[in-house]
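User: Please take a close look at a single part of this model, the surroundings of the DNA, and then place that part in its wider setting. I would like one connected account, with the cut-off behind each term.

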Protein chains: 2
Amino acid sequence: MPPKGTFFNLPRAKQDRILAAAVREFAENGYRRASLNTIVQRLGIAKGSLYQYFANKEGLFLHVFDRFTDLVKEMLASQVKNGPEADFFRQIQEALLAGLRFIDNQPDFYRIYLRVLFEEDVPRRRELLGKVRLFSMEYFGGLCARAQINGIIRPDLPCPMVVFLMESVLDRFLQAYASPDHDNGLGLAALSAIDRDQAVTQTIDVLKNGLGRVKAEG
Amino acid sequence: MPPKGTFFNLPRAKQDRILAAAVREFAENGYRRASLNTIVQRLGIAKGSLYQYFANKEGLFLHVFDRFTDLVKEMLASQVKNGPEADFFRQIQEALLAGLRFIDNQPDFYRIYLRVLFEEDVPRRRELLGKVRLFSMEYFGGLCARAQINGIIRPDLPCPMVVFLMESVLDRFLQAYASPDHDNGLGLAALSAIDRDQAVTQTIDVLKNGLGRVKAEG
DNA sequence: TCCTTATGTGACCGGGTGGTCATGTTAAGA
DNA sequence: TCTTAACATGACCACCCGGTCACATAAGGA
């Protein structure tokens, strides 16, 4: 259910304004509670017009999410370009930093992603999440496989488990950064750039060496 | 905004039926989308009656969440009772297993908790989450402090950071167990009891020793 | 028995929603 | 200039919501 042809006939600037208004509304309210009335009101256009660009609410939302996956694809592409043969944990750290930059640059898109992740009444939810996960599974899965071959990470864990644990920590870090409700009093979002970078370093170090008392160097 | 006195005048069985219907509806739909019409319809009572027991939707919901915090309190109490001087990682593992049991026994209550955690339009959200977090901060924060004194975990990380990282992993594990949408293809929810226990063990081991190649024993 | 109080009832209200469509407006080709 | 097709408009629709309230019913004391 892509946008109708009429949408792409619009001047690019107007397309962008409509997209921005939709992104804002969906980010602030999630899919179900987002109001088309509010969107058209803020845009100063008639509701009928919106329905001439998109078949319905779902069509508008899918267009918004498509733009999100485009942005993720861009990000991953530039990430892969950066030294694919770097150290495993170095790359994980870069991925986390890239996530933080994404949130800084596109906070509303990230909020929409979280909405889809945690709200059940989103159209084609499985399909949408599947797309994003495919990206991350390919990227992190590949990293893990190579790192195990190179002996950089322990070989006794299956890669899906490794990816799961890594993503647990990275995702939560990003969630806490994006919405203070999710860091349990750590205050990640309010940290200075220096302290934030230290938190990143510590997080990656724990992923590498664990919480246990540091052993003798191997 | 507690239930009105009339609610507690009801036979216990009817109180329980009403609670169960509300729990189900809030678990399935979250706060905003949950429908009082649906609840009274399933209960076979008039909407006016519900408003004689509770001031409004918010009052009903707060009663439901209160029962949830009661259950959490019970769980933590029995958890603390179990060997408080056991090994740190052993206790973390027990906490994770207790979480899994809670989900098995009270799946709807756990879903409601997740709703509150991830949906913004919940009345008194900060207050409700604060209560639960207080429990967990006290428990895990205490564990961390003692474990650092005893030299069981590395001393270079502040406890809030340790708790944050621990909870990242434990919470995500529980979320994945409760709703397959949140494990990235790992299939935690569908695992056999044996495989599930192995996943628990591996998870705790990674928290302790990290993902890096295992060093020489210290 | 009768009166009073407490409890149960569901039609009804105002408000917001996604979606429609007859009508008005604009623009282009002949 | 006239015709025709594409686009813009907002009043309107059916639906569902949380919440109200005048009224019916049941219960308990005298």
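Analyst: **The surroundings of the DNA strands**

A side-chain N or O atom of Tyr53(B) lies 3.1 Å from a phosphate oxygen of DNA strand C, which is a polar contact in the sense used here (a pair of N or O atoms within 3.5 Å; within protein, one must be able to donate a hydrogen and the other to accept it, and residues adjacent in sequence count only if both atoms are side-chain atoms). The surface near this strand takes two or more residues from each of helix 3 (36-43) and helix 4 of chain A, and of helix 1 (5-9) and helix 4 of chain B, where helices are DSSP runs (H or I, at least four residues) numbered from the N terminus. This is a predicted model, in which local features need pLDDT of at least 70 and side-chain atom pairs count only at pLDDT 80 or more, whereas totals for chains, interfaces and linings use all residues. Residues are numbered from 1 along each chain as its sequence is written, chains are lettered from A and ligands numbered from 1 in the order in which they are written, and side-chain values use heavy atoms, with hydrogens and water left out.

Two further polar contacts reach the backbone of DNA strand C: the side chain of Ser49(B) places an N or O atom 3.2 Å from a phosphate oxygen, while Leu36(A) uses a backbone N or O atom, at 3.1 Å from a phosphate oxygen. Helix 4 of chain B gives the most to the surface near this strand, with five residues. In total, 19 residues surround DNA strand C, the closest being Ala34(A), Lys47(A), Tyr51(A), Lys57(A) and Gln52(B), and a residue is near a strand if one of its heavy atoms lies within 4 Å of it. Of the strand's atoms that come within 4 Å of the protein, 60% belong to sugar and phosphate. By class, the residues of this surface divide into six nonpolar, nine polar and four charged, with Ala, Val, Leu, Ile, Met, Phe, Trp, Tyr, Cys and Pro counted as nonpolar, Asp, Glu, Lys and Arg as charged, and the others, Gly among them, as polar.

DNA strand D has 18 surrounding residues, the closest of which are Gly48(A), Ala34(B), Lys47(B), Tyr51(B) and Lys57(B). Here 56% of the strand atoms within 4 Å of the protein belong to sugar or phosphate, and the rest to bases. A base is reached by Gln52(A), which has a polar side-chain atom 3.0 Å from a base nitrogen of DNA strand D. Phosphate oxygens of DNA strand D are reached by the side chain of Lys57(B), at 2.8 Å, and by a polar side-chain atom of Asn37(B), at 3.1 Å. Helix 1 (5-9) and helix 4 (47-53) of chain A, together with helix 3 (36-43) and helix 4 (47-53) of chain B, each supply at least two residues of the surface near DNA strand D, and helix 4 of chain A gives the most, with five. This surface has six nonpolar, nine polar and three charged residues.

The wider setting is given by the relation between the protein chains. Chain A can be laid on chain B with an RMSD of 0.1 Å by a turn of 180° and a shift of 0.0 Å along the axis, which is the relation of a two-fold axis; the superposition is by least squares on the C-alpha atoms of residues with pLDDT of at least 70 in both copies. Gly210(A) comes closest to that axis among the residues of chain A, with its C-alpha at 1.8 Å. Because 98% of the interface residues of chain A are also interface residues in chain B, the copies meet through the same surface, where contact means heavy atoms within 4.5 Å.

One charged pair shows how the chains are joined: Asp171(A) and Arg172(B) form a salt bridge at 3.1 Å from N to O, and since Asp171(A) lies in helix 9 (residues 159-178) of chain A and Arg172(B) in helix 9 (residues 159-178) of chain B, the pair joins two chains. A salt bridge is a side-chain nitrogen of Lys or Arg within 4 Å of a carboxyl oxygen of Asp or Glu, and the structure holds 38 of them over all chains. Asp171(A) is partly exposed at 21% relative accessibility, whereas Arg172(B), at 9%, is buried (buried means under 20% relative accessible area, exposed over 50%, partly exposed in between, with a 1.4 Å probe and protein chains only).
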